[in-house]
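Trainee: I've got a new model on my screen and I'd like to talk it through with you. Can you help me read it?

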Amino acid sequence: MASCPAMPEGFDFTDPDLLQHRVPLPEFAELRATEPVHWVSQHPGIAGFADEGYWAVTRHADVRYVSTHPELFSSTTNTAIIRFNERIERDAIDAQRLILLNMDPPEHTRVRQIVQRGFTPRAIRALEDNLRGRALAIAANAAARSGAFDFVTEVACELPLQAIAELIGIPQEDRLRIFEWSNRMIAYDDPEFAITEEVGQQSAMELIAYAMNMSADRKQCPAKDIVTMLVAAEDEGNLASDEFGFFVLMLAVAGNETTRNAITHGMHAFLTHPDQWELYKRERPETTAEEIVRWATPIVSFQRTATQDTELGGQKIEQGDRVGLFYSSANRDPEVFDSPDVFDITRDPNPHLGFGGGGPHFCLGKSLAVMEINLIFNALADAMPNLTLVGDPRRLRSAWVNGVKELQVSAGGLAGG
């Protein structure tokens, strides 16, 4: 080891008060240089777990290693969520094992093979024209506003939500309910939303029940849509109604919140790096979406739990230890990225871990997310080339989501004006 890390006593990368203010990039850099696998102490119960903390994994190579060795590092034992509310009961944590994110092979393999049917390149391409039209409409509506508006609610949240609803076939009139349920499930750490753990769980149950009803309908009356493909295709292995419910729950968060935050951070990055916005408007590089995801890293961290004694980054990890995978740190690793703290939309290659570190849990909807980011920024560059920043982003209070709940902007004059 180079030296001991100069970290403040009790510094915890999953402290929601910390992430409400900033992503701790200087502290990540310090650990990468000195102690890339570092023990973080916690009071038992503060994160919902009865242990005394977790190992923070900060280097790109180590995050990849853990991600690609599910036999050594389990997603099921303590789930992939690194910090719950301290009031959560253990059985509520265990119930989340029904979500794909929190499964290990072979169960994960079985469910993932079924749900992948909805995410084939052909299935995603089939959405493109529809989503392009939606992106253009979203940008045009925002451009028509006079004065300042909130980019998150008016632009960023719209396309991901419409894409997921389109993919699953949720009727237009129900889409707002899905948005509200997913918001409540993820916002339990933020006091502004005044959402208790109970309200979050209630929202999850309502969303699952909604999806289970859809599943039951399709089993009785098959249609030409993804739901039918997942729950009613004959002889191919199907999702049970509750499995489909948990799949929709995961999509509502993984496919909606993450892309929304990538789009918001991407817009903020463009407006604080005007040379990149000018370059984008001129050339529309294909590499843009990947750099936005690297720069934003909407999920700061997930966790795994060691299934046996092992070693990682020079540290002895004991069976049962929790291991935090800090994607925000891996995506700024100077061993992998030249000038990692520079926002460069022409960056290529760009082996970031914003869609996970590879292995069985690599993001199912990556191609859909990249398409959405490309479509919305193309539409924005045409409709609002003179967009300006009006206020600093207001960040979400969360233990593991790099979220922005408000970003005030102004259209700054119409295209060609």
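Trainee: Which residues of strand 8 point one way, and which point the other way?

Mentor: Keep in mind that this is a predicted model. Strand 8 covers residues 322–326, and 5 of its 5 residues are buried. Val323 and Leu325 point one way. The other way point Arg322, Gly324 and Phe326.

Trainee: Okay, and what is the sense of pairing between strand 8 and strand 2, parallel or antiparallel?

Mentor: Strand 2 takes in residues 53–57. One bridge there has Ala56 of strand 2 with Gly324 as its partner in strand 8. Over 4 bridges, the sense of the pairing is parallel.

Trainee: Which residue stands opposite Gly324 on the strand 5 side?

Mentor: Strand 5 (residues 301–306) pairs with strand 8 in the antiparallel sense, over 5 bridges. The residue opposite Gly324 is Gln303.

Trainee: Let's switch sheets. In the open sheet with the order 4-12-9, why is one side of strand 4 and of strand 9 left without a neighbour?

Mentor: This sheet has 3 strands, and the pairing is antiparallel. Strand 4 (148–150) and strand 9 (388–389) each have a single partner strand, so one side of each has no neighbour in the sheet. In other words, both stand at the edges.

Trainee: What stands opposite Phe149 in strand 12?

Mentor: Strand 12 is residues 408–410, and 3 bridges join it to strand 4. The two strands run antiparallel. Opposite Phe149 you'll find Val409.

Trainee: Now the rings. How many aromatic pairs are there, and what is the geometry of Phe11 and Phe13?

Mentor: The count comes to 19 aromatic pairs. For Phe11 and Phe13, the centres are 5.0 Å apart and the planes are at 75 degrees. Over 60 degrees counts as edge-to-face, so the pair of Phe11 and Phe13 is edge-to-face.

Trainee: And what do we call the pair of Trp181 and Tyr210?

Mentor: Trp181 is in helix 9 (residues 175–186) and Tyr210 in helix 10 (residues 197–220), 29 residues apart, so this pair links distant parts of the chain. Both residues are buried. Their ring centres are 5.9 Å apart with the planes at 55 degrees, so the pair is tilted.

Trainee: Which Arg lies over the face of Trp295, and at what distance from the ring centre?

Mentor: Trp295 belongs to one aromatic cluster with Phe270, Trp277, Tyr280, Phe343 and Phe377. Elsewhere, Arg294 lies over the face of Phe337, at 5.3 Å from the ring centre. Over Trp295 lies Arg332, at 4.3 Å.

Trainee: Last topic, helices! How do helix 12 and helix 16 lie relative to each other?

Mentor: Helix 12 is residues 241–272 and helix 16 is residues 366–383. Their axes come within 10 Å and cross at roughly 40 degrees. The crossing is right-handed. That angle makes helix 12 oblique to helix 16.

Trainee: And what is the handedness of the crossing of helix 8 and helix 16, left-handed or right-handed?

Mentor: Helix 8 (residues 158–168) packs on helix 16 at about 135 degrees, with the axes 10 Å apart. The two are therefore oblique to each other. Their crossing is right-handed.

Methods:
Residues are numbered from 1 along each chain as its sequence is written. This is a predicted model: local features need pLDDT of at least 70, side-chain atom pairs count only at pLDDT 80 or more; totals for chains, interfaces and linings use all residues. Side-chain values use heavy atoms; hydrogens and water are left out. Two strands pair if DSSP finds at least two bridges between them. Rings of Phe, Tyr and Trp (its six-membered ring) pair if their centres lie within 6.5 Å; planes under 30 degrees apart count as stacked, over 60 as edge-to-face and the rest as tilted. Buried means under 20% relative accessible area, exposed over 50%, partly exposed in between (1.4 Å probe, protein chains only). A charge sits over a ring if NZ of Lys or CZ of Arg is within 6 Å of the ring centre and within 35 degrees of the ring normal. Axes are lines fitted to C-alpha atoms, for helices over the stretch in contact, and angles run from 0 to 180 degrees between N-to-C directions. Angles under 35 degrees count as roughly parallel, over 145 as roughly antiparallel, 65 to 115 as roughly perpendicular and the rest as oblique. A crossing is left-handed if the near helix is turned anticlockwise from the far one by less than a right angle, and right-handed if clockwise.
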